[in-house]
Every structure is written in C-alpha cells, then in structure tokens.
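Visitor: I would like a close look at a single part of this model, the sheet and what surrounds it. Please take it piece by piece, and add what there is to say on the metal and the cysteines.

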Amino acid sequence: MGQSTTPPKPDGVPLFGHALEFSRDPFGALEQWADRGDLVHLEFPGETFYLVSDPEIVEEVLHDGDGRFTIAAQQQRAFAGIEDHAVTTTAGNRWQQLRRALQPAFTRDTIDRYADAIVEQTIRRIEMWDDGEEIDLHREMRLLTLDVLAETLLSVDIRGDEDVVLNATDALIDRSDPRRPGQLVPGWVPTPTERRFRRAVTELDDYIDRCLEARREADREKRARNGSKNTNKTRTDACSVLLEAHDRGELTLEEVRHNLVALLLAGSDTSALSLTYCWHLLHEHPDVRRSLVAECDEHVGDGRPDLESLEHLETHRNVVAETLRLYPPAWNTMRKATEPVTLGGYQLPAGAELLLPQWVLHRDERFWDSPTAFRPSRWEGDDADRPQYAYFPFSGGPRHCIGMHFARLELHLALATMVDRVALEVALEEPLTFAPTIALRPEPEITATVRRH
Ligand code: HEM
C-alpha cells in the first residue's frame with residue numbers, strides 16, 4: 001500500500017481540536033505530536049497547522065526559491081499594529097527592498113566594530129550590581145542588550161527610557177500567548193490586552209520619532225559645520241542606512257520607524273533570553289562556569305575580551321551554542337504555502353500554515369545524544385553527521401535572522417565579560433517552564449544573587 005496523501009492527525013477533542021492539550025503542556029504536546037510523523041496535521045479553533053519535524057523538509061521550505069512559501073499569517077497577526085511595514089512582517093518585493101536597505105548595517109565589518117561598545121555596556125551593567133544583591137535576571141539582561149542595541153544600531157543613549165521598549169515588547173508578547181483568554185477575539189476589539197498594547201506602541205512610536213528627529217538635527221548641524229551636503233555617508237548604523245533609503249525615496253518614514261522598532265524588539269529580547277538561560281545553565285553546572293573563568297584567565301588578560309581573544313574562547317562559543325540548542329529564544333519558525341504543495345510525500349492545500357519548531361528538532365533523539373542534557377562539549381570539533389536543519393536557532397535561507405552575527409558577537413563578548421567578574425546564583429526551586437509566546441520566555445521570572453569575584 002502506498003503512503004497516504006494526507007498527513008497523520010493525532011486525536012483531538014471536538015470543537016477544541018488540539019488546543020486543550022497544547023494549553024496544558026505546549027512544548028510536551030509538540031514533542032509528542034512530532035513522534036507521530038515528520039509532518040503532522042493539527043487543528044486549533046479556526047486554524048489548521050502542519051507540524052514539521054524532518055530537517056530535510058525544514059530545509060526545503062526555508063530555502064524554497066520558487067515562491068511556494070511566504071511569511072505565515074500567524075506571524076503577520078502577531079506583529080500587526082507595530083511592525084506592519086517592517087522586514088519582519090512583509091513579503092515579496094517589499095520585503096526584499098527592506099532587507100536590502102538594512103543589509104549595509106549588518107555586514108560583518110560593521111558589526112565587528114561594535115565589539116568595544118558591547119564590552120563597555122556589559123561592564124557598566126555589572127557595576128550597577130552590589131555583591132549579594134538579588135536581581136531580576138531576565139530584566140537585567142534585557143536592559144543590557146537594549147543599551148547595546150541602541151548605542152550601536154541607533155547611536156542613541158537609551159538609558160532611562162528602556163521601559164518604553166520593554167513595555168511594548170511585553171505587550172506584544174502577552175498578546176501572542178495562545179493560552180490567553182480572548183485569544184479568538186479580533187484585534188480591533190478593545191480588550192484590556194489590546195488597549196495596553198496600543199498604549200505601549202504609541203509611546204514607542206513617539207520615542208522612535210524623537211530619536212529620528214534628534215538624528216536629523218545632529219546631521220543638519222554637522223552639515224552646517226562641514227559645509228558638506230552628505231553627512232550620513234560616514235555612518236553605517238541601522239538608523240542611518242534607513243534614513244538614507246528614505247532620502248533616496250525608497251522608504252517611507254513609517255517604514256523607517258517600523259524597521260527600527262523591529263530591530264529593537266527582535267534584537268533585544270532574544271539575546272537577553274539567551275544570556276538568562278546561559279546563567280541558569282551555568283548555575284546548574286558550576287564546573288562549566290569554572291572552565292569559562294579559566295578560559296578568560298588564560299586568554300583575556302585585562303578582562304576586556306575583544307575580537308582577537310574571542311578566537312580562543314572555544315568553551316564560551318560551545319556554551320552559547322548549547323544554550324541556543326536547549327532553549328532557542330525563537331523556538332518556532334513559521335511559513336505559509338502560497339499554493340498547493342507536496343511536502344514529504346503529503347499534499348497540503350494553498351494557505352497551509354507550517355510550524356518548523358526549533359524546540360522539537362533541537363531535542364530530537366535521532367540527531368542528539370541525551371538531547372535534554374546540557375553538554376557544551378558536544379560542540380568540540382563538532383563533526384557529527386547530522387542534517388543541517390537539526391539545529392537552526394537563527395533559522396535559515398534568505399529570511400534567516402539578519403542579526404545573527406551581531407547576536408553571536410554580543411553573546412560571546414557579554415558572557416566573557418560577565419563570567420570574569422561575577423557569578424550569578426540563580427534561584428529556581430522548580431524546573432524551568434516556558435510561555436509558548438513568540439519568544440521562549442521563562443515562567444515565572446528568574447531571579448539571581450550577584451557574587452563578585
Ligand atoms: C540570540 C539572538 C537571536 C535569535 C535566536 C534570533 C532568531 C531569529 C529567527 C529564528 C528569525 C526568524 C527567521 C525566519 O523567519 O526564518 C529571526 C529574524 C529576524 N531577526 Fe533575529 N535572532 C536573534 C537576534 C537578533 C538581533 C540581535 C537582531 C537585530 C539586531 C535580530 C533581527 C532580526 C530581524 C530583523 C529578523 C527578520 C528577518 C527577515 O524576516 O528578513 N535578531 N531572528
């Protein structure tokens with residue numbers, strides 16, 4: 001008998017389909033459903049999803065060059081009202097133009113120039129902590145990554161205004177929680193969640209407008225001083241490249257604003273979550289933390305890691321890689337089929353929404369020994385014969401994370417700067433649990449006690 005042309009569908013319950021099981025244990029449910037096959041059909045009230053757990057199919061979808069897949073409707077809905085005109089939510093030609101406009105701000109050379117700023121901001125943050133103080137770990141890491149992003153990509157000092165961005169991120173993330181009561185209510189209904197979201201977005205938009213106006217003013221002054229017409233050319237930060245594209249008539253002001261918002265939101269919480277999970281894992285594995293300290297002692301003489309010392313910090317790189325495997329901040333990438341497609345031998349209709357969950361593939365026993373164990377050493381000279389898309393924390397293909405190099409540089413440098421100065425003792429009585437929102441957030445928040453060396 002040949003393979004059925006429709007993917008398997010685990011048992012659900014009338015009306016709610018698979019939603020109840022998902023809301024009880026989202027990540028456990030996904031893993032169990034993935035056990036049913038490489039492509040599985042799931043029903044949620046009003047929505048159908050196809051869960052993919054085969055790396056070859058993930059690769060086929062992400063690298064599709066024929067326009068068979070596009071951005072998922074779910075993703076556009078999640079960012080509606082805040083990033084509608086950003087690279088994160090657009091498709092087709094518009095997306096290509098936005099991505100091309102941003103690219104000069106993300107070349108390796110440009111990003112590498114931010115190394116000192118990352119180290120400086122990390123030292124500044126550590127200096128705010130007293131020995132023995134209890135900190136809200138995730139919040140402190142968010143403040144750190146946001147200060148870094150603002151200083152580098154926008155060339156602004158955001159200190160004191162960080163909550164404007166944090167509030168908007170929180171409102172966006174809360175709204176994306178599929179377990180939220182009222183999740184099925186349309187976005188235009190002014191529920192308390194929606195009202196809070198809109199207030200936070202207005203404040204953030206105002207803040208970005210003030211930054212843009214300040215940048216314009218600074219550029220005008222510089223032009224007047226130099227008597228030259230072109231001032232932006234000397235800068236390559238994201239703010240400049242977007243404003244230049246605006247001046248050339250390629251981007252509207254709203255597109256400039258939405259893309260800056262996208263960078264602040266996409267770039268701060270993801271990196272902050274990675275650092276939070278690094279510290280959680282290092283607290284559970286003090287031997288690994290000690291080996292990081294020893295690596296710093298050997299290779300970072302003055303306690304200020306740089307591009308050269310990073311070359312030698314192999315254990316740091318392995319700790320970050322392993323943290324991103326176990327706790328991928330972007331735990332589920334999505335796409336939508338633009339036409340009827342055949343995938344893994346199954347036929348899917350046009351409009352099919354695909355879940356490509358990093359969470360599931362990064363923990364798949366077919367590709368990882370002891371998948372739930374934290375073992376940075378598995379990355380040492382890693383030559384395991386596993387498919388490329390068994391591990392894809394930054395996604396892949398043309399839409400892969402534009403900030404990947406920035407994020408890796410920041411995580412390696414910030415970690416090395418921190419472990420050399422402090423140990424953060426994480427207080428967790430329960431095993432970690434997470435909210436299934438657009439980012440893999442810990443529930444409840446994680447606190448830590450600062451121990452200075
Ligand atoms: C550990 C940190 C990070 C992780 C794990 C991460 C992961 C991801 C993933 C999985 C995607 C989805 C790509 C897709 O749909 O195929 C993405 C997109 C994106 N990321 Fe990141 N990211 C991180 C940090 C950053 C940083 C630091 C920035 C900016 C400075 C950034 C900016 C973006 C943008 C703009 C997109 C949308 C790209 C597009 O659709 O063309 N990310 N990221």
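Guide: Two strands count as paired if DSSP finds at least two bridges between them. In this predicted model, strand S9 and strand S12 (residues 447-452) go well past that cut-off, with six bridges in the antiparallel sense. One position in this pairing can be picked out: Val-422 lies opposite Arg-452 of S12.

The sheet as a whole is open and has three strands, in the order S4-S12-S9, with antiparallel pairing. Strand S4 (134-136) and strand S9 (422-427) are at the edges; each has a single partner strand, so one side of each has no neighbour in the sheet. On average, neighbouring strands are turned by 35° against each other, direction ignored.

Helix H8 (residues 137-154) packs on this sheet and touches S4, S9 and S12. The direction of H8 makes about 65° with that of S4.

A contact from another helix can be followed through one residue. His-280 belongs to helix H12 (residues 253-284). Leaving aside residues up to four places away in sequence, His-280 touches Tyr-327, Val-426, Leu-428 and Leu-432. Of these contacts, Val-426 falls within strand S9 (422-427). With a relative accessible area of 4%, His-280 is buried, because the cut-off for that class is under 20%.

Next, the metal. The iron atom of the ligand has a single donor from the protein, the SG atom of Cys-401, at 2.3 Å. Cys-401 is placed in the loop between helix H16 (358-361) and helix H17 (404-419).

That leaves the question of cysteine bonding. The structure holds zero disulfides. Cys-211 shows how a candidate fails: its closest cysteine sulfur is that of Cys-239, 7.4 Å away, which is too far for a bond, because a disulfide needs two cysteine sulfur atoms within 2.5 Å. Seen from the other end, Cys-239 is in no disulfide, and its nearest cysteine sulfur is that of Cys-211 at 7.4 Å. Both residues are on the buried side of the cut-off: Cys-211 has 11% relative accessibility, and Cys-239 has a relative accessible area of 2%.

Terms used: Residues numbered from 1 in each chain as written. Predicted model: local features only at pLDDT ≥ 70, side-chain atom pairs only at ≥ 80, totals over all residues. Heavy atoms only, no water. Helix = DSSP H or I, 4+ residues; strand = E, 2+ residues; numbered from the N terminus. Axes fitted to C-alpha atoms, helices over the stretch in contact; angles between N-to-C directions. Contact = heavy atoms within 4.5 Å. Donors = N, O, S within 2.8 Å, 3.2 Å for Na, K, Ca; no water. Buried < 20%, exposed > 50% of the residue type's maximum accessible area, 1.4 Å probe, protein only.
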